[in-house]
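Let us take a friendly walk through one protein chain. Please keep the sequence and the 3D view side by side as you read.

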Amino acid sequence: MYSSVEILRLFKRLVDLHKALSNYTSAAMDEYSATGLPVQRPVFLMYPNDMYTYDIKDQYMFGSDILVAPVIKPNVIKRDVFLPNDAWVYVWNKTEVKSGRITVNAPIGLPPVFVRNSSSFRDDVLSLASYKYIPFKPHPPKRVSHNSSMSDVTSSVLLVAFCIVIALKSVRL
């Protein structure tokens, strides 16, 4: 199930997205080293004067400029998001959006992600929109047998090896 070409394409896209954010992630890590602010932080930490942010349990800031609202329920294709008082850009279509409550599409592979319009990394983050979206429809799980065939074991080992090679290439080791 997890060794299909479709899964490998999805994984490659995620690795490419991770790599595209390397400068931003490095800056967020530098900020963490200098200030102790975590890279992944609750929204209220960046917007302490906005009382609504204290109730948000399912969104977070990635660094100081990216707001992420992961989809955590199955079969959800839209997501309600609260954007604190700031100017935001929806990453996947580069649309400027106002603060407040909004609803956005959220298919698998395109979680709601927003960047502050004033971010010095705005263009880097918005470049994520150029990575081809690969629609994903999970297949129902096959019945698992305790007598896995050798081909299942081989394909799993090859998938793990592929993932390690891609990860090592993305960090240039």
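The report below goes from the whole chain to its helices, its core, its ring pairs and a few single residues.

**Before we start**

This is a predicted model, in which local features need pLDDT of at least 70 and side-chain atom pairs count only at pLDDT 80 or more, while totals for chains, interfaces and linings use all residues. Numbering starts from 1 along each chain as its sequence is written, and side-chain values use heavy atoms, with hydrogens and water left out.

**The whole chain**

The chain has five helices and eight strands. Here helices (H or I, at least four residues) and strands (E, at least two) are DSSP runs, numbered from the N terminus. Read from the N terminus on, the order of elements is α-α-β-α-β-β-β-β-β-β-β-α-α.

Of the 173 residues, 31% count as buried. Buried means under 20% relative accessible area, exposed means over 50%, and partly exposed lies in between (1.4 Å probe, protein chains only). The accessible surface of the chain is about 11400 Å², and 60% of that belongs to carbon and sulfur atoms; such areas come from the Shrake-Rupley method with a 1.4 Å probe, and for residues only the protein chains shown count as cover.

Contact means heavy atoms within 4.5 Å. Among contacts between residues at least 6 apart in sequence, 56% join residues at least 24 apart.

**Two helices**

Helix 1 (residues 5-20) has 16 residues and reaches 22 Å from its first C-alpha to its last, close to the 22 Å expected at 1.5 Å a residue. The expected span is 1.5 Å times one less than the number of residues. Which residues of helix 1 are buried? They are I7, L10, R13, V15 and L17. An α-helix has 3.6 residues a turn, so residues three or four places apart point the same way.

Helix 2 (residues 22-35) has 14 residues, which should span 20 Å at 1.5 Å a residue, and its end C-alpha atoms are indeed 20 Å apart. After helix 2 comes G36, whose phi is positive, near 85°.

**The nonpolar core**

A nonpolar core is a set of buried Ala, Val, Leu, Ile, Met, Phe, Trp, Tyr and Cys residues joined through side-chain atoms within 4.5 Å. The largest one holds 32 residues, of which I66, L67, W88, V91, W92, F114 and V125 touch the most other members. At least two residues of this core come from each of helix 2, strand 2 (60-62), strand 3 (66-68), strand 4 (78-83), strand 5 (88-90), strand 8 (113-116) and helix 4 (122-126). In soluble globular proteins, nonpolar side chains tend to be buried together.

F114 makes a good example: leaving out residues up to four places away in sequence, F114 touches partners including I66, L67, V81, W88, V91 and I102.

**Aromatic rings**

A search of the whole structure finds six aromatic pairs. Rings of Phe, Tyr and Trp (its six-membered ring) pair if their centres lie within 6.5 Å; planes under 30 degrees apart count as stacked, over 60 as edge-to-face and the rest as tilted. Two of the pairs are set out here.

| Pair | Kind | Centre to centre | Angle between planes |
|---|---|---|---|
| F44 and Y54 | stacked | 4.9 Å | 15° |
| Y47 and W88 | tilted | 6.1 Å | 50° |

In the stacked pair, F44 belongs to helix 3 (residues 43-46) and Y54 to the loop between helix 3 and strand 2, 10 residues apart. F44 counts as partly exposed at 30% relative accessibility, and Y54 is also partly exposed, at 36%.

In the tilted pair, Y47 lies in the loop between helix 3 and strand 2 and W88 in strand 5, so the pair ties together parts that are 41 residues apart in sequence. Both Y47 and W88 are buried. Elsewhere, ring pairs link Y24, F62 and F121 into a cluster.

**Three single residues**

R41 sits in strand 1 (residues 40-41). Is R41 buried or exposed? R41 counts as buried, because its relative accessibility is 1%. The side chains of R41 and E31 are joined by a polar contact of 3.1 Å, that is, a pair of N or O atoms within 3.5 Å; within protein, one must be able to donate a hydrogen and the other to accept it, and residues adjacent in sequence count only if both atoms are side-chain atoms.

N75 has a positive phi of about 60° although it is not a glycine. N75 lies in the loop between strand 3 and strand 4 and counts as exposed at 79% relative accessibility. K94, not a glycine either, has a positive phi of about 60°. K94 is in the loop between strand 5 and strand 6 (95-97) and is partly exposed, with a relative accessible area of 47%.
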